[in-house]
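These are my notebook entries on charged side chains and cysteines. I record each item as I looked it up.

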Amino acid sequence: MTTTETSKTLALTGGVGGAKLCLGLAQVLPASELDILVNTADDFEHLGLPIWPDIDTLLYTLSGRANQTLGWGLEGESWNCMESLESLGGETWFRLGDRDLATHLWRAEAQRQGRGAADIVAALAQQMDIAVGIYPMSDDQVRTIVRCDEGNLPFQHYFVRRQCEPPVTGFSFEGITSARGNASVLRQLKAGDYGRIVVSPSNPYVSIDPILQVPGVWTALRDSAAPVVFVSPIVSGLAIKGPAAKMMRELDVPVTALGVAEHYRRRYPGLVDYFVIDESDATLAPEIEQLGMRAVVAPTVMKNQQQKESLARYCLALEPL
Ligand SMILES: O=c1nc2n(C[C@H](O)[C@H](O)[C@H](O)CO)c3cc(O)ccc3cc-2c(=O)[nH]1
């Protein structure tokens, strides 16, 4: 089967920034034609509960209930539980809203019943009336460790507790070498079921790298006949969201879309077919093409629904090379 005959799209994403493009894809594609593979290396256990930030951000975004102000959690949130916890002297550096807590409690109970991550995510998606396929990158536990001058920090301790302040020297993903990729996505990749692959503008180091480094994932993406389209998370030398630009500076990588493209080319040779950069970075296109990938110039900043859908359409229009 050739890619022109297959209509399904696979998207890879982390949390907030990537979920915007996924929402655009979900608006322009029939639900049965979109699968999303999600980073789970940010997950951790907190107050005895399983917290899966990128999965929940995507679920809340696709069900139209994401908290637009915070960028994470649910809209119309209240914080009574956190206030009571604080009065008991409990840990409140990671804020769990009253409504959001229900998701973590439900998931903890599902885990106690022995259900795996893919099963739990599918059930949550169904309960939230989401019909696109949402898949955790693995059912096995993988945890991002941020290497800093002052020592190693678990991801959420670096990101939330320390507000991304310690300078980083690198990253590792505990458990990744023995993690098994999501069986359904790997099977469909090998069967040639996906006609397009879109990698969202999420953080390359802590959102996309963990997904690609689950054994067998990036090579299956590379070997599929579908065009693999990456969207740059860096626009005009700034990260659209989060600490990607700060991390690049600290790692001595040029804080440009070209720096991101070089990272992906070096770590995953032959994987990137198209690299989508913002119009404001158009002058970088020739150097990106010298890396052996096609540079596509498009408006990539997604501030409203129309911009999300328009970027999704740009990505979906790219033909197999
Ligand atoms: O900056 C914060 N991010 C919070 N996040 C966001 C999250 O930790 C990060 O944005 C991602 O891990 C990075 O992709 C939450 C996400 C959840 O699903 C549930 C609770 C939180 C709580 C916080 C928080 O207190 N502060």
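**Entry 1: Salt bridges**

I began with arginine 115, which forms a salt bridge with aspartate 119; their closest N and O atoms lie 3.0 Å apart. I then looked up the accessibility of both partners. Arginine 115 has a relative accessibility of 29% and counts as partly exposed. Aspartate 119, at 37%, counts as partly exposed too.

I note that I am reading a predicted model. I therefore looked up its confidence: the chain averages a pLDDT of 96, and 98% of the residues score at least 70, on a scale from 0 to 100. For the complex, the predictor gives an ipTM of 0.98 and a pTM of 0.97.

Next I asked how many salt bridges a search of the whole structure finds. The search finds nine. I kept in mind that side chains of opposite charge can pair when their charged atoms come close.

**Entry 2: A pair within a helix**

I turned to glutamate 109, which forms a salt bridge with arginine 112. The closest N and O atoms of this pair are 3.1 Å apart. Where do the two residues sit relative to each other in helix α4? Helix α4 covers residues 98-112, and because glutamate 109 and arginine 112 are three residues apart in it, about one helical turn separates them. Glutamate 109 is partly exposed, with a relative accessible area of 36%, while arginine 112 counts as exposed at 62%.

**Entry 3: A network**

I found that a network of salt bridges links Glu150, Arg162 and Glu165. Within this group I looked up the bridge between glutamate 165 and arginine 162, whose closest N and O atoms are 4.0 Å apart. Glutamate 165 counts as exposed, at 52% relative accessibility. Arginine 162, at 27%, counts as partly exposed.

**Entry 4: Cysteines**

I then asked how many disulfides a search of the whole structure finds. The result is zero. I checked why cysteine 164 forms no bond with cysteine 148. The sulfur of cysteine 148 is the closest cysteine sulfur to that of cysteine 164, yet it is 9.7 Å away, which is too far for a bond; a disulfide would need the two sulfur atoms within 2.5 Å. Cysteine 164 is buried, with a relative accessible area of 10%.

I looked up cysteine 315 as well, and it is in no disulfide. Its nearest cysteine sulfur belongs to cysteine 22 and is 10 Å away. Cysteine 315 is buried, with a relative accessible area of 1%.

Technical notes. Residues are numbered from 1 along each chain as its sequence is written. This is a predicted model: local features need pLDDT of at least 70, side-chain atom pairs count only at pLDDT 80 or more; totals for chains, interfaces and linings use all residues. Side-chain values use heavy atoms; hydrogens and water are left out. pLDDT is the predictor's confidence in each residue, from 0 to 100. A salt bridge is a side-chain nitrogen of Lys or Arg within 4 Å of a carboxyl oxygen of Asp or Glu. Helices (H or I, at least four residues) and strands (E, at least two) are DSSP runs, numbered from the N terminus. Buried means under 20% relative accessible area, exposed over 50%, partly exposed in between (1.4 Å probe, protein chains only).
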